[in-house]
Amino acid sequence: MDGARGGVDRVFAALGDAGRRSLVEAVAARGTATATELAAELPVTRQAVAKQLSALADAGLLRATRAGRETRYEVTPAPLEEAVEWMVSVGAAWDERLAALRRSLVVYGKSRDTLQPPPRFRT
Amino acid sequence: MEVEREIVVPEAPEEVWEALTEPERLEEWFATEVELDARPGGEGVFRWGDGDERRAVVREVEEAERLVLDWDDGGSVVLELEPMVEGTRVHVVESSPEFAPALELNALSLQAAAPAWTALAAA
C-alpha cells in the first residue's frame, strides 16, 4: 500500500500543472496519440504539445514509440495507471453529471413556467 | 490531483444554486439518493444506483456562489457559480485524497524541462 501511495505521490507532484494534466488525460482517453493528433483538437501549437509530451516521457509518465516521422505516446502503466484511472473516471463522472445538471435545469425551468397562470388569466 | 470541469448554462446563478444544494434537485443529476444539509458543517450522504455511497461534510457555503464539500475519503469538491451575460458559469474542481508532499526526481526533471504550461487550462 505504501509503495502504491509513493508512486501516486510522485505522479501527483509531476502533474501539478493543469495543462499537463489535461494532456495526460487526453492521451489516456485515446489510448495512444501523437503531438499532431492532440494539437488538432487543442488550442495550442503542435510544437508546444510536442515539447510537453517529450518532457512527460522524460519524466517517465508517458512512453514514447517512434512511428515513422512521428512519435506516438501512451500512458505508462503503474504507478501512473492508478492516478490516470482516477482522473479519467472522475472526469467522465463530472462530464455526465454536468450534462444531467444542464438537462435538469431545462426541465425544471419548463415545469415552473407551466405552473404560472397562462396570459389570458392575468389582469 | 484535480479534475476540473466547466459549463455555461442559461439559467441565473440563484436557479443553479438550488440544483446544487437541494437534495431533491441533486437527485436529478448528481446521485440517485441524496441527503444534504447545505450549511457549513452540515452532512451529506450520496448514494448511487450501483450501490456506491459517499459521505461528505460541507466546508464552505456562499449562497449562489460557492459550495465546498469534503469527502470522508479525504477528497473534496468545489462548485463555483459565476454570473455571466449569457447565464451562469458552473465550475467544478474535484480533488483526490491528500497524499504526503513528494518532490520526486522525475517531477523535478519535468518541471525543469517544461515549466508550468497552463495554456490548455486557460483555454
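1. Let's start with one edge of the sheet in chain B. Strands β1(B) and β7(B), the latter covering residues 87-95, run antiparallel and are joined by eight bridges. If you want a spot to check the register, E2(B) stands opposite S95(B) in β7(B). Bear in mind throughout that this is a predicted model.

2. Now zoom out to the whole sheet. It is open, has seven strands and reads β1-β7-β6-β5-β4-β3-β2 in chain B, with antiparallel pairing. At the edges sit β1 (2-9) and β2 (33-36) of chain B, each pairing on one side only. From one strand to the next, the twist averages 20 degrees. As a general reminder, strands of a sheet pair through backbone hydrogen bonds, in either a parallel or an antiparallel way.

3. What packs on this sheet? Helix α1 of chain B, residues 13-21, does. Helix α1(B) touches β1, β2, β5 (66-71), β6 (76-84) and β7 of chain B. Its direction makes about 160 degrees with that of β6(B).

4. The β3-β4 hairpin of chain B deserves a look. Strand β3(B) (residues 43-47) runs antiparallel to β4(B) (residues 53-62), and five bridges join the two. One pair to check is E43(B) with V57(B), its bridge partner in β4(B). Five residues lie between the strands of this hairpin, and there G51(B) takes a positive phi near 95 degrees.

5. Moving along, β4(B) also pairs with β5(B): six bridges, again antiparallel. For the register here, use A56(B), whose bridge partner in β5(B) is W71(B). Which residue takes a positive phi in this second hairpin? A64(B) does, with a value near 60 degrees, in a hairpin that has three residues between the strands.

6. Over to chain A. Its secondary structure comes to five helices and three strands, and along the sequence they follow the pattern α-α-β-α-α-β-β-α. Of the 123 residues in chain A, 29% are buried. As for contacts with a separation of 6 or more, residues 24 or more positions apart account for 54% of them in chain A.

7. M87(A) is a handy residue for seeing both chains at once. You'll find M87(A) in helix α5 of chain A, residues 80-115. Is M87(A) buried or exposed? It counts as buried because it has 24 C-beta neighbours inside 10 Å, and the cut-off for buried is 20 or more. Leaving out residues up to four places away in sequence, M87(A) touches R21(A) and E25(A) in chain A, plus M1(B) and V3(B) in chain B. M87(A) and R21(A) are 66 residues apart along the chain, yet their C-alpha atoms are separated by 8.8 Å.

8. For contrast, try E74(A), which has its place in strand β3 of chain A, residues 70-75. With 16 C-beta neighbours inside 10 Å, E74(A) counts as partly exposed, because that class falls between 12 or fewer for exposed and 20 or more for buried. Not counting residues up to four places away in sequence, E74(A) touches V27(A), G31(A), T32(A), L62(A) and R63(A). A33(A) is worth selecting too: it is 41 residues from E74(A) in sequence, and 6.7 Å away in space, C-alpha to C-alpha.

Methods. Residues numbered from 1 in each chain as written. Chains lettered and ligands numbered in written order. Predicted model: local features only at pLDDT ≥ 70, side-chain atom pairs only at ≥ 80, totals over all residues. Pairing = 2+ DSSP bridges. Helix = DSSP H or I, 4+ residues; strand = E, 2+ residues; numbered from the N terminus. Axes fitted to C-alpha atoms, helices over the stretch in contact; angles between N-to-C directions. Contact = placed C-beta atoms within 7 Å.
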